[in-house]
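Please open the structure in a viewer and keep the sequence panel at hand. The tour below proceeds by selection: each stop names what to pick and then states what is found there.

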Amino acid sequence: MIAQDIIDRTNADRARAMTADYAALGDHLSRRGIEIDAVKARVAAYGVAIPSWGVGTGGTRFARFPGEGEPRHIFDKLDDCGVIQQLTRATPTVSLHIPWDKQPAADLNAKAEEVGLGFDAMNSNTFQDQPQQPSSYKYGSLSHTDAATRRQAVDHNIECIELGQQIGSKALTVWIGDGSNFPGQANFTRQFERYLEAMKSIYAKLPDDWRLLTEHKMYEPAFYSTVVQDWGTNYLIAKELGDKAQCLVDLGHHAPNVNIEMIVARLIQFGKLGGFHFNDSKYGDDDLDTGSIDPFRLFLVFNELVDAEGTPGFSPAHMLDQSHNVTDPIESLMSSANEVRRAYAQALLVDRAALEGFQDGNDAMMAAQTLKAGFRTDVEPILAMARMEAGGAIDPIATFRASGYRAKVAAERPRVSGAGGGIV
Ligand SMILES: [Mn+2]
(Lines give C-alpha, C1' and ligand atoms only; values in the text may rest on other atoms or scores of the structure.)
Protein backbone atom coordinates (compact mmCIF):
# COMPACT_ATOMS: atom_id res chain seq x y z
CA MET A 1 0.00 0.00 0.00
CA ILE A 2 1.00 3.60 -0.42
CA ALA A 3 1.95 5.68 2.62
CA GLN A 4 -0.69 8.28 3.46
CA ASP A 5 1.90 11.05 3.68
CA ILE A 6 2.76 10.55 -0.01
CA ILE A 7 -0.92 11.01 -0.89
CA ASP A 8 -1.17 14.02 1.39
CA ARG A 9 1.98 15.57 -0.06
CA THR A 10 0.94 15.19 -3.70
CA ASN A 11 -2.54 16.45 -2.82
CA ALA A 12 -1.11 19.51 -1.06
CA ASP A 13 0.54 20.60 -4.31
CA ARG A 14 -2.78 20.45 -6.12
CA ALA A 15 -5.48 21.21 -3.55
CA ARG A 16 -5.56 24.98 -4.00
CA ALA A 17 -6.04 24.93 -7.76
CA MET A 18 -8.54 22.08 -7.55
CA THR A 19 -10.59 23.84 -4.86
CA ALA A 20 -10.71 27.00 -6.99
CA ASP A 21 -11.81 24.97 -10.03
CA TYR A 22 -14.49 23.26 -7.91
CA ALA A 23 -15.84 26.63 -6.74
CA ALA A 24 -15.91 27.96 -10.33
CA LEU A 25 -17.70 24.85 -11.56
CA GLY A 26 -20.12 25.15 -8.63
CA ASP A 27 -21.01 28.70 -9.75
CA HIS A 28 -21.45 27.56 -13.32
CA LEU A 29 -23.67 24.62 -12.35
CA SER A 30 -25.80 26.70 -9.98
CA ARG A 31 -26.69 28.94 -12.95
CA ARG A 32 -27.98 25.74 -14.57
CA GLY A 33 -29.99 24.92 -11.44
CA ILE A 34 -27.64 22.16 -10.32
CA GLU A 35 -26.19 21.87 -6.82
CA ILE A 36 -22.57 20.71 -7.17
CA ASP A 37 -22.30 19.09 -3.73
CA ALA A 38 -25.32 16.88 -4.48
CA VAL A 39 -23.66 15.66 -7.69
CA LYS A 40 -20.40 15.09 -5.83
CA ALA A 41 -22.17 13.02 -3.17
CA ARG A 42 -23.65 10.71 -5.79
CA VAL A 43 -20.32 10.39 -7.57
CA ALA A 44 -18.58 9.61 -4.28
CA ALA A 45 -21.09 6.81 -3.59
CA TYR A 46 -20.48 5.24 -6.99
CA GLY A 47 -18.11 2.26 -7.23
CA VAL A 48 -16.95 0.00 -10.04
CA ALA A 49 -15.41 -3.45 -9.50
CA ILE A 50 -11.88 -4.22 -10.65
CA PRO A 51 -11.27 -7.49 -12.53
CA SER A 52 -8.55 -9.45 -10.73
CA TRP A 53 -7.09 -10.36 -14.12
CA GLY A 54 -6.79 -6.69 -15.07
CA VAL A 55 -3.78 -6.02 -12.82
CA GLY A 56 -1.63 -8.42 -14.83
CA THR A 57 -0.23 -7.42 -18.21
CA GLY A 58 -2.46 -8.67 -20.98
CA GLY A 59 -1.48 -9.85 -24.39
CA THR A 60 -2.72 -10.33 -27.89
CA ARG A 61 -3.08 -13.48 -29.98
CA PHE A 62 0.49 -12.75 -31.06
CA ALA A 63 2.49 -12.14 -27.93
CA ARG A 64 2.53 -11.00 -24.36
CA PHE A 65 5.16 -8.61 -23.03
CA PRO A 66 5.27 -8.98 -19.24
CA GLY A 67 5.64 -5.81 -17.20
CA GLU A 68 7.74 -5.14 -14.13
CA GLY A 69 6.45 -6.38 -10.80
CA GLU A 70 3.56 -8.40 -12.18
CA PRO A 71 1.38 -10.03 -9.53
CA ARG A 72 2.29 -13.69 -9.00
CA HIS A 73 -1.01 -14.79 -7.50
CA ILE A 74 -4.30 -13.49 -6.18
CA PHE A 75 -2.73 -12.06 -3.02
CA ASP A 76 -0.39 -9.86 -5.06
CA LYS A 77 -3.35 -8.94 -7.26
CA LEU A 78 -5.33 -7.88 -4.19
CA ASP A 79 -2.41 -5.71 -3.09
CA ASP A 80 -2.47 -3.95 -6.46
CA CYS A 81 -6.27 -3.62 -6.35
CA GLY A 82 -5.95 -2.17 -2.84
CA VAL A 83 -3.64 0.55 -4.21
CA ILE A 84 -6.13 1.37 -6.96
CA GLN A 85 -8.87 1.76 -4.37
CA GLN A 86 -6.60 3.71 -2.03
CA LEU A 87 -5.88 6.34 -4.69
CA THR A 88 -9.22 6.46 -6.57
CA ARG A 89 -11.76 5.57 -3.85
CA ALA A 90 -13.89 4.42 -6.76
CA THR A 91 -13.13 0.68 -6.77
CA PRO A 92 -14.23 -0.91 -3.49
CA THR A 93 -14.59 -4.47 -4.85
CA VAL A 94 -12.74 -7.06 -6.93
CA SER A 95 -14.24 -9.59 -9.31
CA LEU A 96 -12.44 -12.93 -9.04
CA HIS A 97 -11.74 -15.40 -11.81
CA ILE A 98 -11.73 -19.09 -10.94
CA PRO A 99 -9.53 -21.14 -11.11
CA TRP A 100 -6.91 -18.41 -11.67
CA ASP A 101 -7.67 -16.93 -8.23
CA LYS A 102 -8.71 -20.10 -6.40
CA GLN A 103 -7.53 -20.05 -2.79
CA PRO A 104 -9.10 -20.94 0.58
CA ALA A 105 -11.93 -18.53 1.40
CA ALA A 106 -10.45 -17.63 4.79
CA ASP A 107 -7.22 -16.50 3.15
CA LEU A 108 -9.07 -14.47 0.51
CA ASN A 109 -11.21 -12.80 3.16
CA ALA A 110 -8.22 -12.01 5.37
CA LYS A 111 -6.29 -10.43 2.50
CA ALA A 112 -9.31 -8.46 1.30
CA GLU A 113 -9.82 -7.06 4.76
CA GLU A 114 -6.14 -6.16 5.03
CA VAL A 115 -6.26 -4.09 1.83
CA GLY A 116 -9.77 -2.67 2.35
CA LEU A 117 -11.65 -4.47 -0.43
CA GLY A 118 -14.74 -6.63 -0.90
CA PHE A 119 -15.61 -9.18 -3.57
CA ASP A 120 -17.95 -8.67 -6.50
CA ALA A 121 -19.22 -11.20 -9.06
CA MET A 122 -17.43 -14.55 -9.45
CA ASN A 123 -16.24 -15.47 -12.94
CA SER A 124 -16.02 -19.09 -14.02
CA ASN A 125 -13.62 -20.36 -16.66
CA THR A 126 -14.57 -23.15 -19.04
CA PHE A 127 -12.73 -21.70 -22.02
CA GLN A 128 -9.35 -23.26 -21.25
CA ASP A 129 -8.19 -26.59 -19.88
CA GLN A 130 -6.66 -26.93 -16.44
CA PRO A 131 -4.04 -29.50 -15.40
CA GLN A 132 -5.55 -32.86 -14.39
CA GLN A 133 -8.90 -31.94 -15.89
CA PRO A 134 -10.53 -35.16 -17.23
CA SER A 135 -12.40 -33.64 -20.20
CA SER A 136 -11.14 -30.99 -22.62
CA TYR A 137 -12.99 -27.82 -23.59
CA LYS A 138 -11.39 -27.75 -27.03
CA TYR A 139 -14.80 -28.33 -28.66
CA GLY A 140 -16.90 -26.56 -26.06
CA SER A 141 -17.95 -26.70 -22.43
CA LEU A 142 -21.57 -26.12 -21.35
CA SER A 143 -22.73 -26.85 -24.90
CA HIS A 144 -20.32 -29.72 -25.61
CA THR A 145 -21.68 -32.79 -27.41
CA ASP A 146 -20.27 -34.99 -24.63
CA ALA A 147 -22.39 -35.16 -21.45
CA ALA A 148 -19.41 -35.74 -19.14
CA THR A 149 -17.73 -32.57 -20.43
CA ARG A 150 -20.91 -30.58 -19.86
CA ARG A 151 -21.17 -32.03 -16.37
CA GLN A 152 -17.59 -31.03 -15.60
CA ALA A 153 -18.35 -27.45 -16.74
CA VAL A 154 -21.53 -27.34 -14.65
CA ASP A 155 -19.67 -28.62 -11.58
CA HIS A 156 -17.00 -25.95 -12.03
CA ASN A 157 -19.64 -23.21 -12.04
CA ILE A 158 -21.23 -24.65 -8.90
CA GLU A 159 -17.79 -24.65 -7.26
CA CYS A 160 -17.51 -20.94 -8.12
CA ILE A 161 -20.85 -20.27 -6.41
CA GLU A 162 -19.77 -22.19 -3.31
CA LEU A 163 -16.51 -20.28 -3.00
CA GLY A 164 -18.32 -17.00 -3.72
CA GLN A 165 -20.77 -17.66 -0.88
CA GLN A 166 -17.88 -17.81 1.55
CA ILE A 167 -16.39 -14.47 0.47
CA GLY A 168 -19.53 -12.34 0.23
CA SER A 169 -20.10 -12.46 -3.52
CA LYS A 170 -23.69 -12.29 -4.78
CA ALA A 171 -23.34 -13.06 -8.47
CA LEU A 172 -21.87 -15.56 -10.91
CA THR A 173 -20.85 -14.36 -14.37
CA VAL A 174 -20.79 -17.07 -17.02
CA TRP A 175 -18.99 -16.44 -20.27
CA ILE A 176 -18.19 -19.37 -22.52
CA GLY A 177 -15.93 -19.68 -25.52
CA ASP A 178 -18.27 -22.25 -27.09
CA GLY A 179 -19.20 -21.88 -30.72
CA SER A 180 -17.87 -23.10 -34.04
CA ASN A 181 -15.21 -22.17 -36.55
CA PHE A 182 -16.76 -23.70 -39.67
CA PRO A 183 -20.23 -23.66 -41.19
CA GLY A 184 -21.71 -27.07 -40.54
CA GLN A 185 -19.41 -27.82 -37.60
CA ALA A 186 -22.24 -27.50 -35.07
CA ASN A 187 -26.01 -27.65 -35.18
CA PHE A 188 -27.04 -24.23 -33.84
CA THR A 189 -30.26 -25.45 -32.25
CA ARG A 190 -28.98 -28.62 -30.61
CA GLN A 191 -25.89 -26.79 -29.35
CA PHE A 192 -28.04 -24.09 -27.74
CA GLU A 193 -30.40 -26.70 -26.26
CA ARG A 194 -27.43 -28.39 -24.57
CA TYR A 195 -26.23 -25.02 -23.27
CA LEU A 196 -29.64 -24.16 -21.81
CA GLU A 197 -29.94 -27.54 -20.13
CA ALA A 198 -26.51 -27.11 -18.53
CA MET A 199 -27.29 -23.55 -17.44
CA LYS A 200 -30.51 -24.75 -15.80
CA SER A 201 -28.41 -27.13 -13.67
CA ILE A 202 -26.25 -24.19 -12.56
CA TYR A 203 -29.25 -21.94 -11.96
CA ALA A 204 -30.78 -24.63 -9.74
CA LYS A 205 -27.80 -24.26 -7.38
CA LEU A 206 -27.93 -20.46 -7.26
CA PRO A 207 -28.69 -19.06 -3.77
CA ASP A 208 -31.89 -17.00 -3.52
CA ASP A 209 -30.05 -13.70 -3.07
CA TRP A 210 -27.67 -14.32 -5.99
CA ARG A 211 -27.85 -13.37 -9.63
CA LEU A 212 -26.64 -15.35 -12.62
CA LEU A 213 -25.14 -13.03 -15.24
CA THR A 214 -24.61 -14.30 -18.77
CA GLU A 215 -22.28 -12.46 -21.11
CA HIS A 216 -22.71 -12.43 -24.86
CA LYS A 217 -19.87 -12.08 -27.36
CA MET A 218 -20.21 -12.07 -31.11
CA TYR A 219 -16.94 -13.80 -31.97
CA GLU A 220 -13.65 -15.08 -30.56
CA PRO A 221 -12.35 -17.59 -29.66
CA ALA A 222 -14.90 -19.21 -31.98
CA PHE A 223 -14.84 -17.26 -35.24
CA TYR A 224 -17.80 -18.52 -37.27
CA SER A 225 -20.45 -18.66 -34.54
CA THR A 226 -20.68 -18.33 -30.78
CA VAL A 227 -23.40 -19.95 -28.70
CA VAL A 228 -24.20 -16.70 -26.86
CA GLN A 229 -23.52 -14.30 -29.70
CA ASP A 230 -25.64 -11.25 -29.03
CA TRP A 231 -28.03 -9.55 -26.63
CA GLY A 232 -31.04 -11.29 -28.21
CA THR A 233 -29.71 -14.73 -27.36
CA ASN A 234 -28.59 -13.40 -23.99
CA TYR A 235 -32.11 -12.15 -23.30
CA LEU A 236 -33.58 -15.53 -24.30
CA ILE A 237 -31.26 -17.25 -21.82
CA ALA A 238 -32.19 -14.91 -18.96
CA LYS A 239 -35.87 -15.32 -19.81
CA GLU A 240 -35.60 -19.09 -20.02
CA LEU A 241 -33.72 -19.47 -16.72
CA GLY A 242 -35.76 -17.23 -14.44
CA ASP A 243 -35.85 -14.05 -12.39
CA LYS A 244 -32.36 -14.42 -10.94
CA ALA A 245 -30.83 -14.57 -14.43
CA GLN A 246 -29.88 -11.32 -16.14
CA CYS A 247 -27.74 -10.15 -19.03
CA LEU A 248 -24.25 -8.74 -18.75
CA VAL A 249 -23.19 -6.23 -21.39
CA ASP A 250 -19.49 -6.08 -22.22
CA LEU A 251 -19.04 -2.94 -24.29
CA GLY A 252 -16.48 -4.63 -26.55
CA HIS A 253 -18.63 -7.62 -27.46
CA HIS A 254 -20.61 -6.02 -30.28
CA ALA A 255 -20.12 -5.26 -33.94
CA PRO A 256 -18.72 -1.80 -34.71
CA ASN A 257 -21.37 0.94 -34.68
CA VAL A 258 -23.96 -1.13 -32.79
CA ASN A 259 -26.15 1.14 -30.65
CA ILE A 260 -25.17 -0.30 -27.27
CA GLU A 261 -27.02 2.34 -25.25
CA MET A 262 -30.23 1.24 -26.91
CA ILE A 263 -29.55 -2.39 -25.99
CA VAL A 264 -29.05 -1.16 -22.43
CA ALA A 265 -32.40 0.65 -22.52
CA ARG A 266 -34.22 -2.43 -23.83
CA LEU A 267 -32.72 -4.71 -21.18
CA ILE A 268 -33.62 -2.21 -18.45
CA GLN A 269 -37.19 -1.94 -19.73
CA PHE A 270 -37.70 -5.68 -19.41
CA GLY A 271 -35.83 -6.14 -16.11
CA LYS A 272 -32.93 -8.05 -17.59
CA LEU A 273 -29.96 -5.70 -17.35
CA GLY A 274 -27.63 -7.49 -14.93
CA GLY A 275 -24.43 -5.53 -15.31
CA PHE A 276 -21.51 -4.32 -17.35
CA HIS A 277 -18.01 -5.06 -18.33
CA PHE A 278 -16.70 -1.59 -19.13
CA ASN A 279 -13.87 -1.16 -21.61
CA ASP A 280 -13.44 0.46 -25.00
CA SER A 281 -12.68 -0.67 -28.51
CA LYS A 282 -11.86 0.57 -31.97
CA TYR A 283 -12.33 -2.56 -34.07
CA GLY A 284 -13.51 -5.51 -31.99
CA ASP A 285 -13.09 -6.88 -28.50
CA ASP A 286 -9.98 -4.76 -28.05
CA ASP A 287 -10.32 -4.49 -24.25
CA LEU A 288 -8.86 -0.98 -24.36
CA ASP A 289 -9.13 1.36 -21.38
CA THR A 290 -12.65 2.56 -20.65
CA GLY A 291 -13.38 5.88 -22.31
CA SER A 292 -10.12 5.87 -24.29
CA ILE A 293 -11.72 5.70 -27.75
CA ASP A 294 -15.34 6.78 -27.48
CA PRO A 295 -16.15 8.58 -24.22
CA PHE A 296 -19.40 9.87 -25.76
CA ARG A 297 -20.72 6.33 -26.10
CA LEU A 298 -19.85 5.66 -22.46
CA PHE A 299 -21.76 8.82 -21.54
CA LEU A 300 -24.77 7.68 -23.56
CA VAL A 301 -24.77 4.36 -21.71
CA PHE A 302 -24.71 6.22 -18.40
CA ASN A 303 -27.45 8.50 -19.62
CA GLU A 304 -29.69 5.41 -19.86
CA LEU A 305 -28.57 4.24 -16.41
CA VAL A 306 -29.28 7.59 -14.76
CA ASP A 307 -32.62 7.70 -16.54
CA ALA A 308 -33.51 4.34 -14.95
CA GLU A 309 -32.33 5.19 -11.41
CA GLY A 310 -35.09 4.50 -8.93
CA THR A 311 -36.70 1.73 -11.00
CA PRO A 312 -37.61 -1.04 -8.50
CA GLY A 313 -35.09 -3.88 -8.52
CA PHE A 314 -32.69 -1.97 -10.77
CA SER A 315 -29.12 -2.48 -9.56
CA PRO A 316 -26.76 -3.54 -12.35
CA ALA A 317 -23.28 -4.74 -11.41
CA HIS A 318 -20.58 -2.40 -12.67
CA MET A 319 -17.23 -3.97 -13.49
CA LEU A 320 -14.23 -3.12 -15.61
CA ASP A 321 -12.94 -5.74 -18.04
CA GLN A 322 -9.77 -4.65 -19.74
CA SER A 323 -6.48 -6.02 -20.98
CA HIS A 324 -3.42 -3.81 -20.71
CA ASN A 325 -0.69 -4.51 -23.22
CA VAL A 326 1.33 -1.30 -23.28
CA THR A 327 0.47 0.56 -20.06
CA ASP A 328 0.97 -0.05 -16.36
CA PRO A 329 -2.18 -1.99 -15.42
CA ILE A 330 -2.62 -0.08 -12.15
CA GLU A 331 -2.51 3.24 -13.99
CA SER A 332 -4.94 2.03 -16.66
CA LEU A 333 -7.45 0.72 -14.12
CA MET A 334 -7.29 3.96 -12.11
CA SER A 335 -7.83 5.95 -15.29
CA SER A 336 -10.79 3.77 -16.30
CA ALA A 337 -12.42 3.95 -12.88
CA ASN A 338 -12.25 7.73 -13.16
CA GLU A 339 -13.65 7.67 -16.70
CA VAL A 340 -16.63 5.61 -15.56
CA ARG A 341 -17.26 8.08 -12.76
CA ARG A 342 -16.86 10.95 -15.23
CA ALA A 343 -19.54 9.52 -17.51
CA TYR A 344 -21.81 9.06 -14.51
CA ALA A 345 -21.26 12.65 -13.34
CA GLN A 346 -21.89 14.03 -16.83
CA ALA A 347 -25.10 12.00 -17.12
CA LEU A 348 -26.25 13.39 -13.75
CA LEU A 349 -25.99 16.92 -15.21
CA VAL A 350 -28.52 16.30 -17.99
CA ASP A 351 -31.68 18.37 -17.52
CA ARG A 352 -34.11 15.46 -17.80
CA ALA A 353 -37.30 17.50 -17.56
CA ALA A 354 -36.13 19.75 -20.40
CA LEU A 355 -35.01 16.76 -22.43
CA GLU A 356 -38.39 15.07 -22.08
CA GLY A 357 -40.11 18.28 -23.14
CA PHE A 358 -38.01 18.52 -26.29
CA GLN A 359 -38.58 14.83 -27.03
CA ASP A 360 -42.35 15.21 -26.65
CA GLY A 361 -42.27 18.36 -28.79
CA ASN A 362 -40.20 16.65 -31.50
CA ASP A 363 -37.47 19.27 -31.20
CA ALA A 364 -34.57 17.11 -32.26
CA MET A 365 -31.98 19.91 -32.20
CA MET A 366 -32.75 21.07 -28.66
CA ALA A 367 -33.06 17.50 -27.38
CA ALA A 368 -29.58 16.73 -28.72
CA GLN A 369 -28.20 20.01 -27.33
CA THR A 370 -29.72 19.34 -23.91
CA LEU A 371 -28.16 15.89 -23.78
CA LYS A 372 -24.81 17.12 -24.97
CA ALA A 373 -24.71 19.90 -22.38
CA GLY A 374 -24.02 17.17 -19.83
CA PHE A 375 -21.25 15.60 -21.90
CA ARG A 376 -19.58 18.95 -22.65
CA THR A 377 -19.20 19.88 -18.97
CA ASP A 378 -15.72 19.33 -17.52
CA VAL A 379 -16.57 17.53 -14.28
CA GLU A 380 -12.96 16.79 -13.27
CA PRO A 381 -13.15 19.08 -10.20
CA ILE A 382 -16.11 17.03 -8.92
CA LEU A 383 -14.22 13.78 -9.39
CA ALA A 384 -11.05 15.15 -7.81
CA MET A 385 -12.88 16.65 -4.83
CA ALA A 386 -14.74 13.36 -4.23
CA ARG A 387 -11.45 11.47 -4.27
CA MET A 388 -9.65 13.89 -1.96
CA GLU A 389 -12.47 14.04 0.58
CA ALA A 390 -12.54 10.23 0.72
CA GLY A 391 -8.79 10.11 1.44
CA GLY A 392 -7.72 9.38 -2.14
CA ALA A 393 -5.54 11.27 -4.56
CA ILE A 394 -6.45 14.40 -6.49
CA ASP A 395 -4.28 13.04 -9.31
CA PRO A 396 -4.09 9.24 -8.86
CA ILE A 397 -1.58 8.56 -11.64
CA ALA A 398 0.83 11.28 -10.54
CA THR A 399 0.59 10.07 -6.95
CA PHE A 400 1.11 6.46 -8.00
CA ARG A 401 4.25 7.46 -9.91
CA ALA A 402 5.53 9.52 -6.99
CA SER A 403 5.00 6.61 -4.60
CA GLY A 404 7.53 4.24 -6.18
CA TYR A 405 5.07 1.35 -5.70
CA ARG A 406 5.86 -0.30 -9.04
CA ALA A 407 9.61 -0.33 -8.41
CA LYS A 408 9.03 -1.68 -4.90
CA VAL A 409 6.91 -4.63 -6.06
CA ALA A 410 9.23 -5.25 -9.01
CA ALA A 411 12.00 -5.87 -6.50
CA GLU A 412 9.82 -8.31 -4.54
CA ARG A 413 8.13 -10.14 -7.38
CA PRO A 414 10.29 -12.10 -9.80
CA ARG A 415 9.34 -11.87 -13.48
CA VAL A 416 6.72 -14.42 -14.47
CA SER A 417 5.42 -15.27 -17.88
CA GLY A 418 2.53 -17.61 -17.14
CA ALA A 419 0.12 -15.27 -15.34
CA GLY A 420 -3.30 -15.33 -16.91
CA GLY A 421 -4.04 -12.34 -19.09
CA GLY A 422 -7.37 -13.28 -20.50
CA ILE A 423 -9.63 -11.80 -23.14
CA VAL A 424 -13.03 -12.47 -21.64
MN1 LIG B 1 -16.15 -9.34 -20.41
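Begin by selecting strands β10 and β11, which run parallel and are joined by 4 bridges. Within this pair, Gly 275 stands opposite Ala 317 in β11. Follow the chain next: it leaves β10, passes through helix α9 (residues 295–308) and arrives at β11, and this β-α-β crossover is right-handed. The model under view is a predicted one.

Keep β10 selected and turn to its other partner. β10 comprises residues 273–278, and 6 of its 6 residues are buried. With β9 the strand pairs in the parallel sense over 4 bridges. Here Gly 275 in β10 has Leu 248 opposite. The route from β9 to β10 leads through helix α8 (residues 260–269), and this β-α-β crossover is right-handed.

**The six-stranded sheet**

Now select the whole sheet to which these strands belong. In what order do the 6 strands of this open sheet lie? The order is β4-β5-β7-β9-β10-β11, with parallel pairing. At the edges are β4 (122–123) and β11 (317–320), each of which pairs on one side only. Add helix α7 (residues 231–241), which packs on the sheet and touches β7 (211–215) and β9 (245–250). The direction of α7 makes about 160 degrees with that of β9.

Move to the edge at β4. This strand is joined by 2 bridges to β5 (residues 171–174), and the two run parallel. Met 122 is the residue that stands opposite Leu 172 in β5.

**Leu 172 and the nonpolar core**

Select Leu 172 and display its surroundings. Beyond residues up to four places away in sequence, Leu 172 touches a set of residues that includes Ala 121, Met 122, Cys 160, Ile 161, Trp 210 and Leu 213. Leu 172 also belongs to the largest nonpolar core, which has 96 residues. Those with the most contacts inside this core are Ile 84, Leu 172, Phe 302, Ala 347 and Ile 382. The largest share of the core, 10 residues, comes from helix α10 (residues 329–348). As a general matter, nonpolar side chains in soluble globular proteins tend to be buried together.

**Helices α10 and α5**

Select α10 by itself. This helix is mostly covered, with 18 of its 20 residues buried. Its end C-alpha atoms are 29 Å apart; at 1.5 Å a residue, its 20 residues should span 28 Å, so the two values agree.

Helix α5 (residues 147–166) is the next selection. Its 20 residues should likewise span 28 Å at 1.5 Å a residue, and its end C-alpha atoms are 29 Å apart, which agrees. Among its buried residues are Thr 149, Arg 150, His 156, Asn 157, Cys 160 and Ile 161. Against which elements do the buried residues of α5 pack? They pack against α4 (105–115), β4, β5 and α6 (188–203). After the helix comes Gly 168, whose phi is positive, near 85 degrees.

**The three-stranded sheet**

Select β1, β2 and β3 together: in that order these 3 strands form an open sheet with parallel pairing. The edge strands are β1 (50–51) and β3 (118–119), each pairing on one side only. Strand β2 (residues 93–95) pairs with β3 in the parallel sense over 2 bridges. Pick Val 94, whose bridge partner in β3 is Phe 119.

**Pro 381**

The final selection is Pro 381, which is found in helix α13 (residues 380–389). Is Pro 381 buried or exposed? It counts as buried, because it has 21 C-beta neighbours inside 10 Å. Now select Leu 25 as well: 356 residues separate Leu 25 from Pro 381 along the chain, yet their C-alpha atoms are 7.5 Å apart. Leaving aside neighbours within four places in sequence, Pro 381 is in contact with Met 18, Asp 21, Tyr 22 and Leu 25.

Technical notes: Residues numbered from 1 in each chain as written. Predicted model: local features only at pLDDT ≥ 70, side-chain atom pairs only at ≥ 80, totals over all residues. Core = buried A, V, L, I, M, F, W, Y, C linked by C-beta atoms within 7 Å. Buried ≥ 20, exposed ≤ 12 C-beta atoms within 10 Å, placed from the backbone. Contact = placed C-beta atoms within 7 Å. Pairing = 2+ DSSP bridges. Axes fitted to C-alpha atoms, helices over the stretch in contact; angles between N-to-C directions. Right-handed = clockwise from strand over helix to strand, strands pointing away. Expected span 1.5 Å × (residues − 1).
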